[in-house]
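User: Please take a close look at a single part of this assembly, the place where two helices of one chain pack against each other, and then set that part in the context of its chain and its neighbours. I would like one connected account rather than a list.

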Amino acid sequence: MSGFVIEMRNISKIYPNGTIANNNVNFSLKKGEIHALLGENGAGKSTLMHILYGMIRPTKGEIFIKDKLVEINSPLDSLKHEIGMVHQHFMLIPSMNLAENLILGDERSKNGLINKKEIIKNANEFGKKYNFNIDFSQLVRDVSVGVCQKIEILKALYRGAKILILDEPTAVLTPQETKELFVELKKLKKDGHSIVFISHKLNEVKELCDRLTIMNSSKSVGVYNVSDLSVKKISEKMIGREVELDFEVPEKKLGKSILKVRNLIYFNKLGKKKLDNISFDVREGQILGIAAVEGNGASHLLETLAGLRKDYSGEIFISGVNVNKLSIKEIRKQGLRYVPADRMKDGVIKDETIYNNLIVDRLEEGEFIKHWLIDFKEIKSFARSKVKEFFIKCKDENSEIGSLSGGNIQKVVIAREFDNNPKLLIINQPTRGIDIGAAELIRKKMVDLKQSDSGILLHSADLQELMQVCDSIIILYKGEIVGYVEEPKKVKPEDLGYYMLGVKKDTDVSGVINE
Amino acid sequence: MDNLINLFLSADFWFTVIKLTTPILLATMGAHIALRAGVINIGLEGIMLVGAFTGVIVSGKLFLLGVPIPINLLISVIAIIVSGMLGGFFIGFFHLKLNSDIGITGLAYNMVASGLTVFLLFVFVGDKGASYTYKSLAFPTIEIPLIKSIPFIGEIISGQNLLVYIAFLSVIIMTFVMKKTVFGLRIRATGENPKAVQSVGISVKKVQMTALLISGGLAALGGAFLSMGFVEYFVPEMTAGRGFIALTANTMGGTPVGGMLVTLLFGFANALSISLQLFSTIPIQFISMLPYLLTLIALVFFSWRKMKRNVK
Amino acid sequence: MNKKLKVEIIRTLIALSIAFTILVVIVSLISDNPLEALYNLFLGPISSKRNFGNVIEKTIPLIFTGLAVSLIFSSNNFNLASEGAFYFGGVMALVLCFTINVPSIIFWIILIIVSATVGAIIVGLPGYLKNKTEASEIVSSIMLNSIMFLLGTYILVYYFKPANSRAVSSADFPDKYLMPNIIAGTRVHFGLFLAIFAVLLIYLLMFKTKLGYKIRMTGKNSNFAKVMGINVSLVLLLTQLIGGALAGIGGAVHTLGVFDNFTSNRSPGYGWDGIIVAVLARNNPLYVPLAAFFVAYLKTGAAIMTRRSDVPAEIILVIQAIIILLIISKNLISKIEFKILISGKLDDGGAS
C-alpha cells in the first residue's frame with residue numbers, strides 16, 4: 001500500500017496542433033490532504049487535472065487509484081472513482097435553477113420524470129447537510145459567483161466525490177469569500193476528503209495546503225511539504241528564475257480629463273439594471289483601476305466605453321467629444337484603444353497570421369496602401385518590428401495566432417492596441433491566464449504609456465495587480481460605484497473586499513470626478 | 001370578395017387548413033427538439049422528401065406483394081420513420097463525428113435527397129416525373145365519435161387523416177418531454193451549455209445525435225403525409241420548402257405550442273393559395289408565392305420584434 | 001502555408017476518391033452495363049469536340065456563381081440567393097432583348113449593368129433584412145429563390161410568351177444580341193473572357209484591397225471585426241451585393257451565350273452548384289475556375305451517361321453533396337493533418 005489515493009505516472013499530452021502540455025509528469029495525492037498544484041499559466045496544471053477527470057485523453061501515461069491501474073475515458077469514469085472537479089469556468093446552465101444544475105447528469109429519477117418541487121426540496125436538504133445555506137429554487141443567472149462556486153462544489157459532493165479537484169477556485173472571489181471557502185474546504189478535509197488545489201496565489205497555498213507539486217513548462221519540478229518552502233522559494237521554482245515581487249510605479253502629475261463619464265445607466269436584455277448612474281473621470285497620465293466581483297458591471301462598463309453598446313443613457317466624453325452617437329470606428333479615431341477580456345473571442349483572429357492581426361487601425365488610417373492596393377511587404381516589416389519590441393515568441397510574423405501561447409497572443413493584442421500612442425486605453429483583465437513574464441511586460445508597457453500621458457482604465461480580478469499599478473481605484477457593486485480609493489498603496493486587499501461584497505459603501509464618491 | 005367570405009365560412013376550407021398544417025407541424029416538432037439540443041437541422045427539407053418517397057415506394061411494393069393493408073401501413077410507417085432517422089444520423093455523423101459545419105451539412109443532405117429521390121424514382125418506377133403509374137397507399141382517415149356530430153367544428157376536426165392527429169398529439173408529447181422528463185432536462189442543458197453537460201459525464205454528442213434521430217423521424221412522417229395523405233403519389237421536390245418553413249415556425253414559436261400556432265398560420269396560407277387558384281383571376285405564380293412570401297414576411301417581422309425586445 | 005496547401009490537396013483527393021468509389025458502387029448495382037455507363041460519365045466529355053465544348057460552356061456560369069458563393073462564404077454568411085440572382089440575370093436578358101433596340105456593344109454593357117444591379121438587389125435583400133432584423137439569411141434566401149423563380153415565370157408567361165406558342169418559352173432572341181461564339185462547332189462564347197476577368201478582379205478585391213481585408217477578417221471572426229471598429233454589417237452587405245452582381249451577370253451571359261430563347265428552366269441549379277465550386281475552391285477566387293471546370297465536367301459526363309445508358313444523371317447531385325460533406329469534414333483526415341502540421345516541429349525543439 002502506497003498510501004496514495006491517486007497516482008499519475010509519466011503522463012504526457014500533445015495537442016493536435018503540436019503543443020506539448022504535459023511532459024512525463026508524475027503526481028500523487030494522499031488521503032485527507034489538501035495538495036496544491038502550482039505553476040504558471042500554461043505550465044500544464046489544468047491539462048493534467050483534465051486528464052485525471054477524463055475530459056482529456058493523455059497521449060501516454062498511467063493513472064492509479066488506490067493502487068489500482070485504471071482507465072479514465074470520460075468524466076463518468078472519474079466520477080465512478082469518486083473524483084469530482086470544479087472548473088475554472090463555471091459549468092452551469094444559466095436559465096435553470098440551482099437544483100436542476102445540482103442533479104443534471106445524476107437525476108436519480110426512477111421513472112425518467114422530474115418533479116421540480118421535489119428536487120428543490122431535496123437539494124435544499126442536501127445543501128444543509130454540508131452547511132451550505134442556499135435557496136436552490138433560484139436561477140443560476142440570478143446568483144452571485146460566490147454561490148456558483150458553492151454549487152460547483154456541491155455538485156461534486158452530490159455525486160459522491162471523495163477527491164475534489166479545484167481549478168483556481170479563488171480567482172473570481174473576494175478575500176472574504178476566499179476565507180469562507182477555506183473554512184469549508186478545511187471542514188471537508190477533516191471529513192476525509194482529499195483535495196487538489198490548483199492556484200498560483202502562493203499566500204493562499206501557504207494558508208490552506210499540506211503538500212505541493214510544482215509544474216514548470218509542462219514538467220513537474222518537484223513535490224514538497226508546504227511548511228518546508230518559503231513563498232519566495234516556491235515562486236522561484238515555479239518560474240525558474242527570481243522574480244521581482246515589488247514593482248515601482250514612478251510618480252506622475254495627472255493632466256486634464258481624457259475620459260468623462262456622466263450618469264451612465266444601462267439595462268441588460270432581461271431588464272436588469274447593470275450600470276447604475278456611474279460618473280467618473282480618467283485623466284492624462286492616470287491609471288484608474290476598477291475592482292469588482294464578476295457580474296457587478298465592470299465588463300459592461302468597459303464594453304460600453306469601447307463603443308460596443310449604444311443603448312445606454314448618460315454621457316461619455318473622450319477628449320471632450322461626446323461619443324454617444326459615434327460608431328466604434330469614430331470612437332477609435334478619437335484615440336481610444338481597447339483590450340477585451342476574452343482575447344480569443346474579441347481580441348484576435350485565431351486562424352490568421354500575426355501581421356494580419358496587427359494592422360486594422362493603421363490600414364484604416366490609410367497606411368500600407370500603394371496605388372489602391374495593400375502593400376504586404378511593408379506590413380510584414382512593421383509586424384516584424386512589433387514582434388521584436390514585444391518579445392512575441394513565434395516562428396515569424398507569418399505564424400498563425402492559434403499556434404502561439406496565451407501570453408504571446410495577449411502580447412499581440414497589446415502590441416496592436418498600444419501602438420501609435422493612444423490617448424485612452426480601456427483594458428479588461430490584461431494578464432488573466434497568461435505567464436508571469438508576459439504579465440510583467442504588459443504591466444511595464446502600461447506604465448510606459450502612463451508616462452507618455454495616456455489615460456488608462458483598468459479592470460482586473462487580481463487585486464494585487466490593481467493595487468500595484470493603479471493611481472486610484474473605484475469599486476463597483478451591483479453596477480454602482482460604492483467606493484473610491486485615492487491611494488491604493490495605503491489600503492489592504494481586504495479593504496477593497498468589503499466594498500466588493502457590498503458590506504461597505506461610501507456615501508460620497510465624487511472624488512473620482514475631476515471638474 | 002364574396003367568394004372569399006364564403007370560403008372562410010366553409011368548414012371545408014378550415015378542414016384543409018388543418019390538413020395542410022400537418023406536414024409542417026411534424027417537421028416543426030423535429031426542428032424544435034434538434035434546436036433545443038443545440039443543433040439546427042437545416043436538412044429537414046431533405047428528410048421530409050425522403051420520407052415522402054419512402055412511404056410511396058414501400059407501401060407500393062408491399063401492396064404488389066399482396067400484404068394486407070393494415071400490416072402494409074404499419075411497415076410503411078416504420079420504414080418512413082427509419083428513413084428520417086437515417087437522415088438525422090447522416091447529418092449527425094458528419095456534423096458530430098467528422099466535425100463538419102451544421103448549416104452546409106444540412107444543405108448537402110437536401111441535395112442528396114433531391115438527387116436520390118429522383119434517381120431512385122427512375123430505378124423503381126421508371127419515370128423521373130412522378131409516381132402516378134405506381135399504386136401506393138394512403139393513411140386512413142378517422143372519424144371521431146361525438147365530436148363528429150358537432151356542427152362545423154366536427155366537420156373540421158373529425159374525419160382527418162391519421163397523421164393529422166399524430167401531428168397534434170406530438171405537440172403535447174414534445175411539451176411534456178421537454179418540461180417534465182430527465183431526457184428533456186438533458187436536451188435543454190445541452191443546447192444551452194454543452195461544456196457543462198460534458199463536465200457531468202453526459203455525452204453531448206449522444207444527446208445531440210438522439211435529438212437528430214427523433215427530429216428526422218418526425219420530419220419524415222411530415223413528409224410522408226404529403227404523399228400518403230394529401231395526395232397518393234410522389235413528385236420530385238413535392239415538399240416545396242416546407243422544411244425551411246418549419247425551421248422558421250420553430251424559431252418564431254419558441255415552444256412546441258407556439259410553433260403549432262405559427263404552423264397553423266402557414267397551413268392557412270397554404271390552403272388559401274390552393275383555394276384561390278380555383279376562383280381568383282390573380283396569376284397563378286403570385287398565388288403560389290403566398291406561402292413563401294408569408295414565411296419571409298413572418299420571419300422578418302418576428303426577428304425584428306425579437307431584436308427590438310433584446311435591445312431594450 | 002505550404003503545409004496547409006498540402007493538407008487541403010490531400011483532403012480533396014481523399015474526398016474525391018471516396019465519393020467516386022460510392023458512385024462506382026451505385027452504378028454497378030443498378031446498371032445493366034455499368035462499364036458503359038461509367039465510360040460515358042468519365043470519358044464522355046472528352047469523346048468529341050462538341051462534348052468538351054459543353055464542359056467549357058457549363059464552366060462559364062459556374063465560375064460566376066462559384067465566385068459569388070465564395071465571396072459570400074468568405075464573409076461567413078450563408079446567403080443562398082445566388083440561385084435566384086442567376087435566374088433573374090437570365091430574366092433581365094429576356095426583358096432587355098425585347099424592349100430595347102441599340103447596337104450590340106451598347107446592349108451588352110447595359111445588360112451587364114442591369115443584370116448586376118438586379119442580382120445585387122436579390123442577394124442583397126436577405127443580407128439587408130438580416131442586418132436590420134437579424135432574420136436568418138439561410139431561410140430568407142431560400143424563400144426568396146422560390147419567389148424569384150415564380151416572379152420570373154410570371155414575367156415570361158404574361159409578357160414575353162408569343163400568344164400562339166404552346167410551349168412556355170419566349171420568341172427567339174434577336175441574333176445581334178447573342179454572345180459571340182469563340183470556338184466554332186461548340187457553344188463556347190465570349191462570356192468565358194468575362195468570367196476570367198471576373199476571377200482576376202475578385203482575386204484582387206479579396207487579397208489586395210482594404211475591403212477584401214475587412215471581408216476576410218469579418219468572415220473569420222466578426223466579434224473581432226466589430227471590436228476593431230470595422231462596420232461589420234456594411235462589409236457583409238457589400239459582400240452580398242458584389243456576390244449578387246456576379247451571379248446576375250452570370251445568368252445574363254449564360255442565357256445569351258448558350259440559348260436562342262428563354263424558358264423557365266434556364267438555371268438548372270447553377271446557383272446551388274456555386275456551393276460545391278466554392279467549397280472545392282476553398283473560397284479562393286483563383287481556384288474557382290478549376291473547381292468550376294471539374295463540376296462542369298461531372299455534369300456533362302452525367303448528361304452523356306443518361307443519354308447513352310440506363311443510369312439517371314441525378315446520381316451526380318448525390319455525389320456532389322457527398323464531396324461537399326467530405327471536404328467540410330474537419331476530422332476526415334485529422335490524423336494525417338496532425339502528422340503534416342507537426343512534422344519538423346518536434347525536431348526544432350518542440351519537446352524542450
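Analyst: What follows begins with the helix pair and then moves outwards to the domains, the chain contacts and a single residue.

The model is predicted, and the values below are computed from it. The pair in question consists of helix H4 of chain C, residues 82-97, and helix H6 of chain C, residues 137-160, whose axes lie 9 Å apart and meet at an angle of about 15 degrees. Because angles under 35 degrees count as roughly parallel, H4(C) and H6(C) are therefore roughly parallel to each other. The crossing in which H4(C) passes H6(C) is left-handed. On the H4(C) side the contact is made by C:Glu83, C:Gly84, C:Tyr87, C:Phe88, C:Val91, C:Leu94 and C:Val95, while H6(C) brings C:Leu144, C:Asn145, C:Met148, C:Phe149, C:Gly152, C:Ile155, C:Leu156 and C:Phe160. Sorted by class, the residues of this helix contact comprise eleven nonpolar, three polar and one charged.

H6(C) also takes part in a contact between chains, one that draws 34 residues from chain C and 40 residues from chain B. Helix H5 (104-133), H6 and helix H13 (315-328) of chain C each supply at least two residues of the side of chain C that touches chain B, and H6(C) gives the most to that side, with 13 residues. The side of chain C that touches chain B has 24 nonpolar, seven polar and three charged residues.

Within chain C, the domain assignment gives domain 1 as 1-31 + 311-346 and domain 2 as 58-310. The C-alpha centres of these two domains of chain C are 27 Å apart, and twelve residues of domain 1 of chain C are in contact with 13 residues of domain 2 of chain C. Helix H1 (2-30) and H13 of chain C each provide at least two residues of the domain 1 side of that contact, with the largest share, six residues, coming from H13(C). That side of domain 1 of chain C divides into eight nonpolar, three polar and one charged residue.

Chain C also meets chain A, in a contact that takes 27 residues from chain A and 22 residues from chain C. On the chain A side, strand S2 (20-30), helix H10 (328-333), helix H11 (343-347), helix H13 (360-364) and strand S18 (373-374) each supply at least two residues. By class, this side of chain A has 15 nonpolar, five polar and seven charged residues.

Chain A is itself assigned two domains, domain 1 (4-239) and domain 2 (254-335 + 433-515), and 32 Å separate their centres, taken over C-alpha atoms. Eleven residues of domain 1 of chain A are in contact with 13 residues of domain 2 of chain A, and the domain 1 side of this contact is made up of five nonpolar, five polar and one charged residue.

Finally, at the level of a single residue, A:Gly61 is found in strand S4 of chain A, residues 60-65. With 17 other C-beta atoms within 10 Å, A:Gly61 is partly exposed. Not counting residues up to four places away in sequence, A:Gly61 touches A:Met8, A:Arg9, A:Asn10, A:Ile11 and A:Ser12. The C-alpha atoms of A:Gly61 and A:Asn26 are separated by 9.2 Å, although these residues are 35 residues apart along the chain.

Key:
Residues are numbered from 1 along each chain as its sequence is written. Chains are lettered from A and ligands numbered from 1 in the order in which they are written. This is a predicted model: local features need pLDDT of at least 70, side-chain atom pairs count only at pLDDT 80 or more; totals for chains, interfaces and linings use all residues. Domain bounds come from an automatic or database domain assignment. Two residues are in contact if their C-beta atoms, placed from the backbone, lie within 7 Å. Ala, Val, Leu, Ile, Met, Phe, Trp, Tyr, Cys and Pro count as nonpolar, Asp, Glu, Lys and Arg as charged, and the others, Gly among them, as polar. Helices (H or I, at least four residues) and strands (E, at least two) are DSSP runs, numbered from the N terminus. Axes are lines fitted to C-alpha atoms, for helices over the stretch in contact, and angles run from 0 to 180 degrees between N-to-C directions. Angles under 35 degrees count as roughly parallel, over 145 as roughly antiparallel, 65 to 115 as roughly perpendicular and the rest as oblique. A crossing is left-handed if the near helix is turned anticlockwise from the far one by less than a right angle, and right-handed if clockwise. A residue is buried if 20 or more other C-beta atoms lie within 10 Å of its own, exposed if 12 or fewer, and partly exposed in between; C-beta atoms are placed from the backbone.
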